[in-house]
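Student: Please take a close look at how the strands pair in this predicted model, and set that part in the context of the rest of the chain.

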Amino acid sequence: MKRDIASFRSNAKLARQLWGAPSRIALRSLRELTARYSLSVAAGDLQLLDGRWYVTHSGLLQLASRRGCRGINTTLQENVSDGAASRWVFKAVVYRSSRSRGFVGFGDADPTNVSPMVRGSELRIAETRAVNRALRKAYGIGLCSVEELGAFSSAPRASAAPAPSNGHPPSNGSGNGQPRLRDQLCLLIRQYSLDANLVKAYAADFCGTATLSGASRELVESFITHLSAAAKESRDALVCKLNSYAQPVEARS
């Protein structure tokens, strides 16, 4: 009980740093999510969007691992997929135990329901969505996952910055004198002595993209905010999280 209270307080504190003061309803939901599923804001398990909580792909996988998930199978549904149109549909089956009949989830992706910034990754996104839905069924998660909705369907914001007149190419900064996103990330890596390759792997997982370069500006901004808050909260916990991405290439493929 005391551990749940401490975890909730830590989650609530970090949520305030990341997204401002959550509403009473959001805090009540966060308390329940913390106690029932041990989801962690610092670990990137949850995101607060428009006052509502959404679980992340990494959060669902961590939960499945804690609950002793025996396996996840994914199958491309070739009869309803269309490679020429970049439309893909996957079926995922999650097995909670060796005797489980399996919990089924379907996921689809095509150029109309993914961000223009991740075009070309529709197949992988469809598989991720299928896995998320199956995991949510298997473990009774009433929350929608980030990867199933807005993270991929929103269009990137148009820059209001005027074109530079000095002949140099525009940076990926905000146009108001703020450091570029890449520079902000490098600064955090140096400040907290983090492994750059592990941070990139974590960032890609957090953003739900194959590589960090494929993520939209909004997702990268969200990750930088999350990384900064997590490092301030507990660098040791962050390093432990990053180390989970230090896997052989064969195991990650």
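Tutor: Two strands are taken to pair here if DSSP finds at least two bridges between them, where a strand is a DSSP run of at least two residues, numbered from the N terminus. By that criterion, strand E1 (residues 46–49) and E2 pair in the antiparallel sense, over four bridges. The two strands form a hairpin with two residues between them, and in that turn Asp-50 has a positive phi of about 55°. Along the paired strands, Leu-46 stands opposite Val-55 in E2.

The hairpin also leads to the aromatic rings, since a search of the whole predicted structure finds four aromatic pairs. In one of them the ring centres of Trp-19 and Trp-53 lie 5.8 Å apart with their planes at 80°, so this pair is classed as edge-to-face, given that an angle over 60 degrees is what that class requires. The pair links distant parts of the chain, as Trp-19 belongs to helix H1 (residues 2–19) and Trp-53 to strand E2 (residues 52–55), 34 residues apart. The two partners differ in their cover: Trp-53 is buried, with a relative accessible area of 5%, whereas Trp-19, at 29% relative accessibility, counts as partly exposed.

A second pair involves Tyr-202 and Tyr-245, whose ring centres are 5.4 Å apart and whose planes meet at 35°, so the pair is tilted. Tyr-202 lies in helix H7 (residues 196–207), while Tyr-245 lies in the loop between helix H9 (235–243) and helix H10 (249–252), so the pair ties together parts that are 43 residues apart in sequence. Both Tyr-202 and Tyr-245 are buried, and ring pairs link these two tyrosines with Phe-206 and Phe-223 into a cluster.

To return to the strands, three of them form an open sheet in the order E3-E4-E5, with antiparallel pairing. Strand E3 (71–76) and strand E5 (103–109) stand at its edges with a single partner strand each, so one side of each edge strand is left without a neighbour in the sheet. If direction is ignored, neighbouring strands of this sheet are turned by 20° against each other on average. E3 is joined to strand E4 (residues 88–95) by six bridges, the two running antiparallel, and Gly-71 stands opposite Tyr-95 in E4. Across E3, E4 and E5 lies helix H4 (residues 122–138), which runs at about 150° to E5.

Another ring takes part in a contact with a charge: the charged end of Arg-31 sits over the ring of Phe-8, 4.1 Å from its centre. A further arginine, Arg-28, lies in helix H2 (residues 24–37), and at 56% relative accessibility Arg-28 counts as exposed. The C-alpha atoms of Arg-28 and Phe-8 are separated by 10.0 Å, with the two residues 20 apart along the chain.

For the setting of these details, the secondary structure of the chain comes to 10 helices and five strands, and of its 253 residues 41% count as buried. Among contacts in the chain between residues at least 6 apart in sequence, 57% join residues that are at least 24 apart. The accessible surface of the chain comes to about 14,000 Å², and 50% of this belongs to carbon and sulfur atoms.

Conventions
Residues numbered from 1 in each chain as written. Predicted model: local features only at pLDDT ≥ 70, side-chain atom pairs only at ≥ 80, totals over all residues. Heavy atoms only, no water. Buried < 20%, exposed > 50% of the residue type's maximum accessible area, 1.4 Å probe, protein only. Contact = heavy atoms within 4.5 Å. Areas by Shrake-Rupley, 256 points an atom, 1.4 Å probe, with all protein chains shown as cover. Phe/Tyr/Trp six-rings, centres within 6.5 Å; stacked < 30°, edge-to-face > 60°. Lys NZ or Arg CZ within 6 Å of the ring centre and 35° of its normal. Axes fitted to C-alpha atoms, helices over the stretch in contact; angles between N-to-C directions.
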